[in-house]
Every structure is written in structure tokens, then in C-alpha cells.
Amino acid sequence: MCAMTPTSTSQLRVRRPFDGSVHGILAASGPEDVQAAAARGREAQVAWARVPVRERARVMTRLGRLVLAQRDRILDTIQSETGKARLSAFEEVADAARAVRVFAQAAPGLLRPARRPGAFPVLTRTVEYHRPVGLVGIITPWNYPFTLPVTDTAHALLAGNAVLLKPDSQSPFTALLAAELFAAAGLPEGLLQVLPGAGRTLGPALVAEVDYLMFTGSTQTGRTLAAQCAERLIGFSGELGGKNPLLVLADADVRAAAAGTVRAAFANTGQLCISIERAYVESAVYDAYVAELVAQVSALRLGAGYDWAVDVGSLASAGQREKVAAHVDDAVARGATVLAGGRARPDLGPFFYEPTVLTGVTEDMALCRDETFGPVLSVYRVASEDEAVARANDSRYGLNASVWSARRGPEVAARLRVGTVNVNEGYAAAWGSHAASMGGAGESGIGRRHGSHGLLKYTEPQTVAEQRLFPIAPFGGLDNAGYATLLARAVGLLNRLP
Ligand code: NAD
């Protein structure tokens, strides 16, 4: 049993973005449910912390197999709640299945107690442990409703914690399905509890109960939660928004760069924190790149469907469609040029919007600097690599970047102020490298998921130092002055050691 039985009387009605029909109705949790779940989670966590890491890891390995085996059911649920194309939903399934296995393989090594040099050789035996923080709160958005809850939860559990998961109100059934799979993989009861409901109501209750909060969502909500966590002095990690740049340098394979841009800008209908919204293209390849890009974008198949014949799905909600349209309409009214797309498509479904490419975007347009979080790409011509780097860095965000170049990728990456750089790929290479960290600089967030950071943040480092034979104080009749002389000699000797 993973879902709480809520005590509140309010309900969540989840509608399908494809056509507005009802996917399901469930009772929303209230603050008192959070308190009850926290008590239950803390009780379960005590026993879980004693389970060897290798055994915890086996649950995650089984989970990876189950995710693949049940992929059709997962894909149907994700698509129904979000309206995304099946291929975009499949990226979540593949990502979750692979990530949990990578985490499971790495966790025993990363969590192993480590001998450290003690205060004095021989006299002090020092070991550093990674203790679980206890109870982890995880708040997730609707855009990746399966892989974000699964992967964050897997890391928190591997570290020995219990989890309270609050999914977005648009995608609670996907989160409940994920919890069902954890249980089927052998996770003991009480360690993962799903609390569907409004963020504003449940957020403060969650912060009041947990020992660490992992949040994925908007920068605005991230700020609010970070301040609440600071008040309680608990750890906080926030994966927030982005306005991610792509650089096409003069030595790039233009056709491959255009194809990569299309994937990076329009996968998940552009509702991807690491998706590309700005392209800076060196003059030498600008015309060829733009022609190729527009041809490829125009060939994308847009539609509602649970089969594989669609490239780009619906936006998730009316709010999303309105924000995208507002950015494009404002840019066009101020003089931007639409090279592809640029229209809502109510004939396909209530929230559809065409993959859109614009040029002539200027500083006075909201599209220039604000995150659109939709299928809209602005293309800019630049005179040099230096200009491309400077303009890419000229943002309050710093999440992901993509560099297309035959030779210059790693060098340019070193100059970009972002958490991940994909060279000759748009977003999937860095994101899918689950053993390496992922996250953002600036207003894109704080902390990291994936890799060692993603696991160890859910632990409290504890140093245990055992003193033997002599105390670290005057001993054996030495007075303070004699002890100070001895200690000075000892420190001098230690400092001469290589
Ligand atoms: P949002 O911040 O409105 O909502 C995200 C989650 O927070 C939801 O579960 C929501 O119910 C909850 N929430 C809302 N207000 C809350 C509050 N006051 N207290 C506690 N919880 C609250 O975000 P959104 O607009 O739905 O999601 C899109 C945003 O998420 C975009 O900005 C996108 O870039 C970002 N995002 C980032 C990543 C990443 O890894 N960096 C991944 C996915 C999405």
C-alpha cells in the first residue's frame, strides 16, 4: 500500500489534455494526512536504514525490470495525463529503467564507510559514514510525471530514507502507478507514500515534517520552498527553470545540428526543463542551418494519439497554451519573424500548438529572456564563437546548453555557466548519463540530481573518531607548557610528511 487514504474531502479531477475527457478522480490529501504519513514513514525508515545497501539496491534493479515489462501501461497513463507524444513518454520509461539500475550499482560504493586519516596516526581511528537523513519530501511537476518521481525516490531510498512524494495535481495517477511498481519490486510498506493535492496546501505541511526536500518545478515555487526549508534549517535541492542555449559553430555538421535542435526544442512539446529555446548560429553556417531547420520542423507530425505515428503531442493545459501563444504573439507584434509554426491548433485538440521557429527576437520581447516552456525556438545570427558564448551566458538561468562543433565542443563547454553541456547532442546525452550530476546554476536551481551528488545529498555525513592510548590533552604528568612543546614537535613532524 503506497497511497495514503486521505482524510480531506476535496477531490482531484484529472483531465486528458488530448480531448478534455476525465482520466480519473481521486481524493486529495490534506495537511493532517501529511502528518500521519510522516509518522508512518519514520517508523518504517528505522528498519530500512538497517537493511544492507546491496539489498536496497536489489529492489531498484527489480524495479528497472518491472518498468520495462509494464511499459505499455505506463506509457498509456503518462500520455493520458499529460498529452505528450508516445515517443516522449517512452523517454521517461527508458530513463527511469536505466537510471535505477545505474543508481543501484553505484550506491554500495558511494555509501560505504570510509577510513580517513585521524587526528594522530595510530592514536586516532577515524571513519566517515553516510547516515540517512531520515524522511525525504519530494515534490514533482507534471512534465515528467514518471521518471522524476521514480529516480528521485530511488536515490532517497537507496540512501536509507523513507519518502513522502507529492506529485503535481495534473499527474497523480502516474505517481501512484510508480509507487505500485516500487511495492511490486519488493519495497517494504510505509517507505514510499504518495500525497496528491494542491502544492500551496501540502507544501508547508511537508516542509514542517521532512528532514530534506527535493523539489522540481518553477523558479518561483523553488524560492518559496527554499525559504521555508531555510527557516527549519533542513536541506533543500531545487531543479528549476531554464532558458537553454544551443550554439552552432562554423565547423558544425549543419544537418546533424538542425536535427539535434529539433529534438532538443520540441521533444515533450518543448515542456522540458532542459529543452533548447535559444539558438546562436555562426554566420558562416547560418543560412544553411536555418534552411535545414525549417524543413525539418515543417515535416514534424503533430497530433493526439496513443500510437507511435506522432512526433509532437499536445501541450499539457490551457495555461501552457496561453503562455506559449502570449510569448509568440508579443514577439510577432514587436517585429519578430515566424519561420515555422506560430499557431494554436484547436483542430487537433484543445491545447495543441505548432512547433515554432522565430528570428528577429529582440530584448523588448518576453520571449527573449523568459522561459516559455513550450515548442518555441528563437534563432540568432552571431559573428563569432566568442559572441555565441557571451550571449549564451547572458541569462539569469544556467541549466543546460548544447554545442555543435566538430572540434571545439569541450573547450566551449568550459566557458559556459550551466550545469550540463551536451556536445553534438541537445539534452539527452548529459541527462542520460545517470552516473554524472545534473542540475543548474543561477536561477535554474541549487543542488544536483543523478551521480554521487544526487545520492549523497540524502545523507548526513557522520565522522566517528576513536582515540586510543593517549588523550589529545596533557598526559602522564606533563604540564601545559611541556604538552604544548610536545604537540608543536608532533605537528611539525606530521606537516613534514609527504
Ligand atoms: P510549479 O512550481 O508550479 O509546480 C511544481 C510542483 O510544485 C507541483 O507539484 C505543484 O503542485 C507544487 N507546488 C506549487 N506551488 C507550491 C507551493 N507553494 N509549495 C509547495 N509545492 C508547490 O511548476 P510547474 O509550472 O508546474 O512546472 C514547470 C516548471 O518546472 C518549469 O519552470 C520547468 O522548467 C521546471 N522543471 C524543472 C526541471 C529540472 O529538472 N530543472 C524538470 C522539470 C520541470
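**The ligand site in close-up**

**View 1. Elements around the ligand.** In this predicted model, at least two residues of the shell around the ligand come from each of α7 (199-209), β8 (212-216) and α8 (219-232). Helices (H or I, at least four residues) and strands (E, at least two) are DSSP runs, numbered from the N terminus. The largest share, three residues, belongs to α7. Residues are numbered from 1 along each chain as its sequence is written, and side-chain values use heavy atoms, without hydrogens and water. Local features need pLDDT of at least 70, and side-chain atom pairs count only at pLDDT 80 or more, while totals for chains, interfaces and linings use all residues.

**View 2. Nearest residues.** There are 25 residues around the ligand (a heavy atom within 4 Å of it). Thr140, Trp142, Ser218, Thr221 and Glu371 come nearest.

**View 3. Polar contacts with the ligand.** A polar contact here is a pair of N or O atoms within 3.5 Å. Lys166 places a polar side-chain atom 2.9 Å from an oxygen atom of the ligand. For Asp168, a backbone N or O atom lies 3.5 Å from an oxygen atom of the ligand. A polar backbone atom of Gly199 is 3.3 Å from a nitrogen atom of the ligand.

How values were computed. A polar contact is a pair of N or O atoms within 3.5 Å; within protein, one must be able to donate a hydrogen and the other to accept it, and residues adjacent in sequence count only if both atoms are side-chain atoms.
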